[in-house]
Each structure stands twice: as C-alpha cells, then as structure tokens.
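Reader: Please pick one part of this model and go through it closely, then place it among its surroundings. I would like the cut-off behind each term you use.

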Amino acid sequence: MFFASVQRDLRLLLRQGSEAWLVLVFFLLIASLFPLAMQPETKTLLAIGPGVTWVSALLSVLLSMPRMFAADAQDGSLEQMLLQSEAWMAMLLGKLVAHWLASGLPLSLVAPLIGLQYGLDAGAIAVLVAGLLLGTPMLTLIGAIAAALNLSARGGGALLALLMLPLCIPVLVFGAGAVEAQSAGLGAEAHLSLLAAGLIIASILAPWACSSAIKIALD
Amino acid sequence: MKASDAVKEHESGPLWSRYAAPARFFPLAGRLVVPFYVLAAILGAIGLYIGFVIAPTDWQQGESYRIVFIHVPAAWMSMIIYLAMAFWGLLALVLNTRLSAMMLQALAPTGAWMTFIALWTGAFWGKPTWGTYWVWDARITSELILLFLYFGVIGLRASIDDDRKADKACALMAIVGAVNVPIIYFSVKWWNTLHQGASVSLTAAPKMAQTMLVAMLIMTAAAWAYSIATSLVRVRSLIIQREPPSTIADSSGGPQPAFATSPPGSSGK
Amino acid sequence: MKDHSFYILMSYGVFALVVLIELYALRRHRRRAIEEAKQMEAGMHRQAEGNSHARELDPS
C-alpha cells in the first residue's frame, strides 16, 4: 500500500512539475511586492519579513490548490480511484504528499532568499525554514479539504480562498511568531513544537475530512 | 412513497424521531415562533430597562459602557449559534436527515448577523473607551475570523445547486470550522499576548456590578429566544421550498395564515 | 463626563436596523418560498392526466 502511494507520488509529481515553477515564482513575486509598496527601511523590513514570507507562502499554496482535484475530477479519474476502495486512502495520501512536494517543500527551501531580501539573520532564516517545512504540509492538508468541498461548488477560486484561509490562520500565527520569538531571543521551540503537534493532528484528521468532501462531491 | 405514508411512518416512536420529518416539524415550529418572539421582546425590554435605568453609571467609562448589553450577548450568541450549526451538521452527516441540514442552513444568517453586531458594537464601544474603533485584541479578532467562517458556510451553500449535496458539504464545513474555532482562538490569544504593548486588553474589564451582570444575562436570554424564533421561521420557509407541497399542513392556526390550498392527501392532524 | 450618546445611538441603532433587516428578509424568503411551492403544485396538477408521478402525490 505504501509503495503504491509512493509510486503515485512520483507519477503525479512529474505531472505537476511545470506547475511547481509557477508556485515558486508567485511566492517570490508576492514577497517582492511589499517593499515596493512602502519605504524599504531596514528596520521595517526586518519587522515585517517573517509575516510577509508566511502570507506569501499561504497565498502561493492557495494558488496551487484548485489544480489538486479539479483535473482528475473532470476526466473521471477521481471517481475511478474512489471505486478502488482499498487503495483509495493510499491514493489520496499520495496525492497530498505529491502536492506538498511540488509546492510547500520548494517554497520552504527558497524562503531563505526572501529572508535575505528582508535582512533576516541566519538564525531567523533557519527558524523560518523550519517553520515552513512544518507548516506548509498543514496548508496542503487544510487546503485539500477546501479544494474538495469546492469540487461540489460552481464558480472560481474566491470561495476556495474563503474556505481555506481562516482555517490556516493558526499556522500563520505560530509560523511567523516562531521567527519573531527567535529574533527576540526567546527561542522558537514552543512555536515549532506547536506546529509539529498540529501537523501530526492534521495528518490524521484532514485526509478523512478531505475524503468525505470528495465523496460528497462525486455522489 | 406516498406522502401520507411518509407522515404516518413517523407517528409512532420516540418524540424526536416523530418530529424528524420536516413535514411533521413544520406545524410544531409554527406554534413556537410567536411565543419565542414574545419572550425575546419581553426579556429584551427588561434587560434594557435594568441596563439603562437601574444599572449605575460606570465611574471609569461613563455611559458608553452600556453598549456592553448588546455587544456581549451578540458575541456569545455568535459562538453558540456556530456550535449549534456544527451540532446540526454532525446530525445531518451521521443520521443523513434533511431537517438537520435545514436547521443548519436556517441558523447561519442569524449567526452571521450576531457576529456583525458584536463587531460593530465592539467598535463603537472601543472608540470612547480606548480611543480607537478597532483593537487587535484576541476576542475581537477571533470574532472577525468567525464572521469569515460564517461567510464560508453561507457562500458554500450558495455555490452548490444540488440541495442534498449542499446539505452535506455545508455540514462538513460547519464541523471543520467548529473544530478549528478553539484552535484559532488559542492561536490568536497567543499572538495577542505576545504583542500586547501599550494597548489595553478588553478582557481586563473591571469587576462588574451585580446589576450590570444581571442585565447582560437577561439580554443574552433575549438574544437566544430571538435567534430560536428567527431560525424557526427560516426553517419553515426552507421546508416549504424543499418538501413536496402536499405533505405540509398547518395543523393548528399558526401565527401565519395556513399554507396554500388544503391538499387532499395530507394527514397533519 | 463626556457625551457618549453618539456611540450608544450608533450601536443600538444599527442593532435595531439589523433586526429589522433580518425580519424583512425573513418575510421575503417566506413569500418567495410559498410562491415557488404554489407554482410547483399548480404545475403538477396540470400534469395530473397521464402523469404517474403526479398521481403518486395526489392520491385521490
């Protein structure tokens, strides 16, 4: 079952390869907009850097969400997967992992660039990346629920954003807060552990909710 | 299944299952509407009287603190209604009942209005008390996020054409939202305590005089009665929209005129 | 003591407004629902001849 999931990962990954670039570019673009919209003072940039990075990451993952299920739902392959009930969960998990590998993971690894743009020091950047590595999977998981619900609905991505973003706020708070705590000398362990705990819980609950939403949509 | 059979099927059995059929619930709801509105009006009048006439002027905040008698009940109701929505959502998914889903749909707009009132009155309480219309305090920020959660459920409902599909999707969304509300509140509180700075915390309110507390509780009860009455009216309209017309009948003279023509096969008595 | 009547008025005034809006929307919703249902029922009775579905609903 696990191997089936891994194989599926790789297959989907190759399919989504080109889209991963778009997500990355979008990420860097958004983060670059903020200084352009204000006076790029060092102090200000330092203060808003973590927050901007996290919001940009959130929006980038949001951007990649509609593609998660829509294509498969349209050509009927999602229903096919659903009918093979024993492998269904493994396939869904494979999809989720593949999505993160193509969005959250690259984002986390590229984030140091933004950290440098905003003048963050090495320690802060390390915490930023660690937080993103823990947080972006959660964004994928939560976003998947919203994307699955959105399959039932007509209309575009605005509803998806409305469903997904409020639920992602805790991840945002603790991820950005971790960097600030580190910069303030308080240490980011508490924030990062909360993110880790959240990730574990989300990994258990979210796929189940996502699966229910897909079944509702395909009924 | 014939309409009369559908109704007869629910005539025996425990009370709750008897009224689980929308058609049976319809007249019951109709009988409850006016009493609850009357209760809301009476409690509201008493609460406001105590709040404005009997409760003393706060030596710190002056008269503006009296806004709390609408602000706090609205905030509490916004949360209670969301929990109620999630409860009905759970029933709707687990028991697959139409009525539970309709109750969820009926509660959402009222809950959203309560949230809006809480935010609006909070702003107008904040201005004279702390100098700004908006304070990024944990509770007000959580209320704002709650409003977005309401919009999510309402928006999802509006975007799905198939009634049953919308029922289940909104039920799931309400449950997911409800599970997240404590987490969101915890995270916002955490975020807020770190960034306190010089701003005043809305939670560090001075000890309330007895009369103020009584007025607030009575107003909350009034808001509760109002919400129930309003949701019942709304669910009745939803039942009319969704259920076959000939199954529905007002068994007694409800406060509203009996619905439509008297259909041949109904046995609402 | 400063005059806070503006804030009190804005708060309770908007609250009263919201209640009125909601009650009005409630009325409109109910009227629309009854209209729709009446049209549906009229349509079904018109199809009563030779339509088994309508016969099922109209057991007379």
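Author: Helices are DSSP runs of H or I with at least four residues and strands are runs of E with at least two, numbered from the N terminus. On that basis chain B, the part chosen here, has eight helices and zero strands, and its pattern along the sequence reads α-α-α-α-α-α-α-α. This is a predicted model, in which local features need pLDDT of at least 70 and side-chain atom pairs count only at pLDDT 80 or more, while totals for chains, interfaces and linings use all residues. Residues are numbered from 1 along each chain as its sequence is written, with chains lettered from A and ligands numbered from 1 in the order in which they are written.

A residue is called buried if 20 or more other C-beta atoms, placed from the backbone, lie within 10 Å of its own, exposed if there are 12 or fewer, and partly exposed in between. Of the 269 residues of chain B, 46% are buried. Contact means that the C-beta atoms of two residues, placed from the backbone, lie within 7 Å. Counting contacts in chain B between residues at least 6 apart in sequence, 75% join residues at least 24 apart.

Two residues of chain B fall into opposite burial classes. Ile228(B) sits in helix 8 (residues 210–242) of chain B and is buried, because 22 other C-beta atoms lie within 10 Å. Between the C-alpha atoms of Ile228(B) and Phe151(B) there are 20 Å, for a separation of 77 residues along the chain. Asn96(B) belongs to the loop between helix 4 (68–95) and helix 5 of chain B. Asn96(B) has 12 C-beta neighbours inside 10 Å and therefore counts as exposed. Its phi is near 60°, a positive value in a residue other than glycine.

After that loop comes helix 5 (residues 98–130) of chain B, which packs with helix 1 (residues 5–46) of chain C at about 170°, the axes being 9 Å apart. The axes are lines fitted to C-alpha atoms, for helices over the stretch in contact, and the angle between N-to-C directions runs from 0 to 180 degrees. Angles under 35 degrees are roughly parallel, over 145 roughly antiparallel, 65 to 115 roughly perpendicular and the rest oblique, so helix 5 of chain B and helix 1 of chain C are roughly antiparallel. From helix 5 of chain B, the residues that meet helix 1 of chain C include Trp113(B), Phe116(B), Trp120(B) and Lys127(B). Among their partners in helix 1 of chain C are Tyr7(C), Met10(C), Val14(C) and Glu22(C). The contact comprises twelve nonpolar, three polar and two charged residues. Here Ala, Val, Leu, Ile, Met, Phe, Trp, Tyr, Cys and Pro are nonpolar, Asp, Glu, Lys and Arg charged, and the others, Gly among them, polar.

Chain C itself has two helices and zero strands, and 10% of its 60 residues are buried.

Chain B also touches chain A, where 21 residues of chain A are in contact with 23 residues of chain B. On the chain A side, helix 8, helix 9 and helix 10 (189–218) each supply at least two residues, and helix 9 gives the largest share, ten residues. By class, this side of chain A has 15 nonpolar, four polar and two charged residues.
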